Amino acid sequence: MIELTQQGSDILLPVKVVPKSSRDRIVGELDGALKVAVSAAPEKGAANQAVCKLIAKGLGIRVQQVQVDSGHASPRKTLRISHVTIESVRKFVS
């Protein structure tokens, strides 16, 4: 089960990123995190940007509402999603 945390109007979402994949997609749950594959390489923040864009598209929100909160240089990251309900994120990740 993916552990979501609420901080004010923000939701923290743990993710496991697989860069340089054949395509951008949500893979599923892995060890309490959402596994995400992106085609971008982990260089100059390209993979981080691709992850934020993919999550924003899936939630139907602006990409500016999704940012990497921690783990910028790691495959394990925490995303901060602003101005959404925990229920909408829970529905998206399940």
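Which residues does Val36 touch, not counting residues up to four places away in sequence? The first legend answers this for a model that is predicted.

**View 1. Val36 and its contacts in strand S4.**
Val36 lies in strand S4, which spans residues 33-37. Beyond the residues up to four places away in sequence, Val36 touches Val15, Lys16, Val17, Val18, Arg25, Ile26, Val51, Leu54 and Ile55. The relative accessible area of Val36 is 0%, so Val36 is buried. Glu87 gives a distance for scale: 51 residues separate Val36 and Glu87 along the chain, and their C-alpha atoms are 20 Å apart.

**View 2. Lys16, a buried lysine with no salt bridge.**
Lys16 sits in strand S2, residues 10-18. Lys16 is buried, yet no salt bridge involves it. Asp31 carries the nearest side chain of opposite charge, and that side chain is 8.8 Å away. Setting aside residues up to four places away in sequence, the contacts of Lys16 are Leu30, Ala33, Leu34, Lys35, Val36, Pro75 and Arg76. Val36, the subject of View 1, is one of these contacts.

**View 3. The salt bridge between Arg80 and Asp10.**
The structure holds three salt bridges. In the one shown here, the closest N and O atoms of Arg80 and Asp10 are 3.1 Å apart. This pair links distant parts of the chain, with Arg80 in strand S6 (residues 76-82) and Asp10 in strand S2. The two residues are 70 residues apart. Both Arg80 and Asp10 are buried.

**View 4. Asp69 and Arg80, joined in a network with Asp10.**
Asp69 forms a salt bridge with Arg80, and their closest N and O atoms are 3.0 Å apart. Here too the pair links distant parts of the chain: Asp69 belongs to strand S5 (residues 66-70) and Arg80 to strand S6, 11 residues apart. Asp69 has a relative accessible area of 35%, so Asp69 is partly exposed. Arg80 counts as buried because its relative accessibility is 15%. Salt bridges with shared partners join Asp10, Asp69 and Arg80 into one network.

**View 5. The salt bridge between Asp31 and Arg76.**
The side chains of Asp31 and Arg76 meet at 3.6 Å, N to O. The pair links distant parts of the chain, 45 residues apart. Asp31 is in the loop between strand S3 (25-30) and S4, whereas Arg76 is in strand S6. Asp31 counts as exposed because its relative accessibility is 66%. Arg76 is partly exposed, with a relative accessible area of 37%. Both residues also appear in the account of Lys16: Arg76 is one of its contacts, and Asp31 has the nearest side chain of opposite charge.

**View 6. The largest pocket and its lining.**
The volume of the largest pocket is about 180 Å³. Its lining is made of 14 residues. Pro42, Asn48, His72, Ala73 and Lys77 lie nearest the centre of the pocket. Helix H1 (residues 46-59) gives the most to the lining, with three residues. By type, the lining holds eight nonpolar, four polar and two charged residues.

**View 7. Leu59 in helix H1.**
Leu59 is placed in helix H1. Leu59 counts as buried because its relative accessibility is 18%, and the cut-off for buried is under 20%. Apart from neighbours within four places in sequence, Leu59 is in contact with Ile81, Ser88, Val89 and Phe92. Leu59 and Val84 are 25 residues apart along the chain, and their C-alpha atoms are separated by 9.0 Å.

**View 8. Lys44 and His83, each with a positive phi.**
Most residues other than glycine have a negative phi. Lys44 has a positive phi near 55°. Lys44 is placed in the loop between S4 and H1. With a relative accessible area of 86%, Lys44 is exposed. His83 is not a glycine either, and its phi is positive at about 60°. The loop between S6 and helix H2 (86-93) holds His83. His83 is exposed, with a relative accessible area of 61%.

Definitions and conventions: Residues are numbered from 1 along each chain as its sequence is written. This is a predicted model: local features need pLDDT of at least 70, side-chain atom pairs count only at pLDDT 80 or more; totals for chains, interfaces and linings use all residues. Side-chain values use heavy atoms; hydrogens and water are left out. Helices (H or I, at least four residues) and strands (E, at least two) are DSSP runs, numbered from the N terminus. Buried means under 20% relative accessible area, exposed over 50%, partly exposed in between (1.4 Å probe, protein chains only). Lys and Arg count as positive and Asp and Glu as negative; His and the chain ends are not counted. A salt bridge is a side-chain nitrogen of Lys or Arg within 4 Å of a carboxyl oxygen of Asp or Glu. Contact means heavy atoms within 4.5 Å. On a 1 Å grid over the protein atoms alone, a cavity is a set of points where a 1.4 Å probe fits but cannot get out, and a pocket is an open set with protein on both sides within 12 Å along at least five of seven lines; lining residues have an atom within 4 Å of a point. Grid points are joined across faces, edges and corners, and a volume is the space filled by probe spheres set on the points. Ala, Val, Leu, Ile, Met, Phe, Trp, Tyr, Cys and Pro count as nonpolar, Asp, Glu, Lys and Arg as charged, and the others, Gly among them, as polar.
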